[in-house]
Amino acid sequence: MASIWVGHRGTVRDYPDFSPSVDAEAIQKAIRGIGTDEKMLISILTERSNAQRQLIVKEYQAAYGKELKDDLKGDLSGHFEHLMVALVTPPAVFDAKQLKKSMKGAGTNEDALIEILTTRTSRQMKDISQAYYTVYKKSLGDDISSETSGDFRKALLTLADGRRDESLKVDEHLAKQDAQILYKAGENRWGTDEDKFTEILCLRSFPQLKLINCVRNTPAFLAERLHRALKGIGTDEFTLNRIMVSRSEIDLLDIRTEFKKHYGYSLYSAIKSDTSGDYEITLLKICGGDD
């Protein structure tokens, strides 16, 4: 199942002998029985790819006339519930909801906005914008406009527009030119050319940006976000769930490598020492192993 939401460095893969009806029935039994069978839910939902989970969701709805996510919400609670619901949500809808949450209420969660908008490809951004409109009947751009301001708003809107160059070819001449423009725009404090800045950082391809030496690699950036979510008092489960679920089929193996490299201990051990119960078990299964 080739999809723009699947990479080669994920921890979660398609389950080989997959049957949506068998899984839907097992999930229904796990939820409906006396006391929920969490182990069964975890083993099914963490060992299927998102594409397969979507087929289970369809099958569940057809067989039992109910939304699987609603049954999960009704039966589970806390961080564990949020994580399981995230697993059965289509990736573009999941990101759309995360963006909405980041802009809801008092104060905007700028870090979450930056994280999502800078790490998704143009094609993913187009899917997310569409999902956002379908769910909220408002355009993502309009909400970003009303919740942010100035150059930050300009940059986010450019990213949300999904116009980044996706090619893998690099242009050394252009890179030198861009590097000079960025240097000048940053150095000459008076009348900094923010528009040029935005254009280069938001529209150039990732390999091109690496050549300009401007953007750190995505797995390292996300490893740092996970480290911050897990250290200190309390866990930032909003960030933890988002990164673990959204990167589980893309580059979580690379994120694990960067985590170990930068912090000297594994992501697996960080999750183990900071979470507990079924929530911990599920995260560790998504993590896919210790390093």
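Here are some short exercises, each with a worked solution, on a predicted model.

**Exercise 1. The largest pocket**

Find out how much space lies in the largest pocket, and which residues are closest to its centre.

*Solution.* Start with the volume: the largest pocket holds about 770 Å³ of space. Next, turn to its lining, which is made up of 27 residues. Closest to the centre are Thr121, Phe206, Arg247, Ile250 and Asp251. Now look at the helices around it. Helix H13 (206-212) and helix H14 (218-230) each supply at least two residues of this lining, and H13 gives the most, with three residues. Finally, sort the lining by class: there are nine nonpolar, nine polar and nine charged residues.

**Exercise 2. The largest cavity**

Work out how many cavities of 30 Å³ or more a search of the whole structure finds, and which residues line the largest cavity.

*Solution.* The search finds one cavity of 30 Å³ or more. The volume of the largest cavity is about 60 Å³. Its lining consists of Leu117, Arg120, Thr121, Ser122, Met125, Thr158, Leu159, Gly162, Arg163, Arg164 and Cys202. Helix H8 (122-136) and helix H10 (150-160) are the elements that give two or more residues to this lining. By class, the lining has four nonpolar, four polar and three charged residues.

**Exercise 3. A pair of rings in one helix**

Decide why the rings of Tyr132 and Tyr136 count as a pair, and whether that pair is stacked, tilted or edge-to-face.

*Solution.* A pair of aromatic rings is described by the distance of the centres and the angle of the planes. Take the distance: the ring centres of Tyr132 and Tyr136 are 4.9 Å apart, and rings pair if their centres lie within 6.5 Å. Then take the angle: the planes stand at 55°, so the pair is tilted. Where are the two residues placed? Both Tyr132 and Tyr136 lie in helix H8, four residues apart, which is about one turn of the helix.

Next, compare their surroundings. With a relative accessible area of 0%, Tyr132 is buried; Tyr136, at 26%, is partly exposed. Tyr136 has a charged partner too: the charged end of Lys100 sits over its ring, 4.9 Å from the centre.

**Exercise 4. Other rings**

Find which residues form one aromatic cluster, and which ring lies under the charged end of Arg242.

*Solution.* The cluster is formed by Phe259, Tyr263 and Tyr265. The charged end of Arg242 sits over the ring of Phe238, 4.8 Å from the centre of that ring. As for the count of aromatic pairs, it comes to four.

**Exercise 5. Two helices and their neighbours**

Name the buried residues of H2 and H18, and find what packs against them.

*Solution.* Begin with helix H2 (residues 38-46), where Leu41, Ile42, Ile44, Leu45 and Thr46 are buried. These residues pack against helix H1 (20-32), helix H3 (50-64), helix H4 (68-75), helix H5 (78-87) and helix H18 (277-287).

Move on to H18, whose buried residues are Tyr279, Glu280, Thr282, Leu283, Leu284, Ile286 and Cys287. Their cover includes H2, H5, helix H15 (237-246), helix H16 (252-263) and helix H17 (267-274). Just after H18, Gly288 takes a positive phi of about 85°.

**Exercise 6. A residue of H3**

Is Ala63 buried, partly exposed or exposed, and how far is it from Gln208?

*Solution.* Ala63 is found in helix H3. Its relative accessibility is 46%, so Ala63 counts as partly exposed. Ala63 and Gln208 are 145 residues apart in sequence, and in space they are 49 Å apart, C-alpha to C-alpha.

Notes:
Residues numbered from 1 in each chain as written. Predicted model: local features only at pLDDT ≥ 70, side-chain atom pairs only at ≥ 80, totals over all residues. Heavy atoms only, no water. 1 Å grid on protein atoms, 1.4 Å probe; cavity = no way out; pocket = protein on both sides within 12 Å on 5 of 7 lines; lining within 4 Å. Points joined across faces, edges and corners; volume = space filled by probe spheres on them. Nonpolar A, V, L, I, M, F, W, Y, C, P; charged D, E, K, R; others polar. Buried < 20%, exposed > 50% of the residue type's maximum accessible area, 1.4 Å probe, protein only. Contact = heavy atoms within 4.5 Å. Phe/Tyr/Trp six-rings, centres within 6.5 Å; stacked < 30°, edge-to-face > 60°. Lys NZ or Arg CZ within 6 Å of the ring centre and 35° of its normal.
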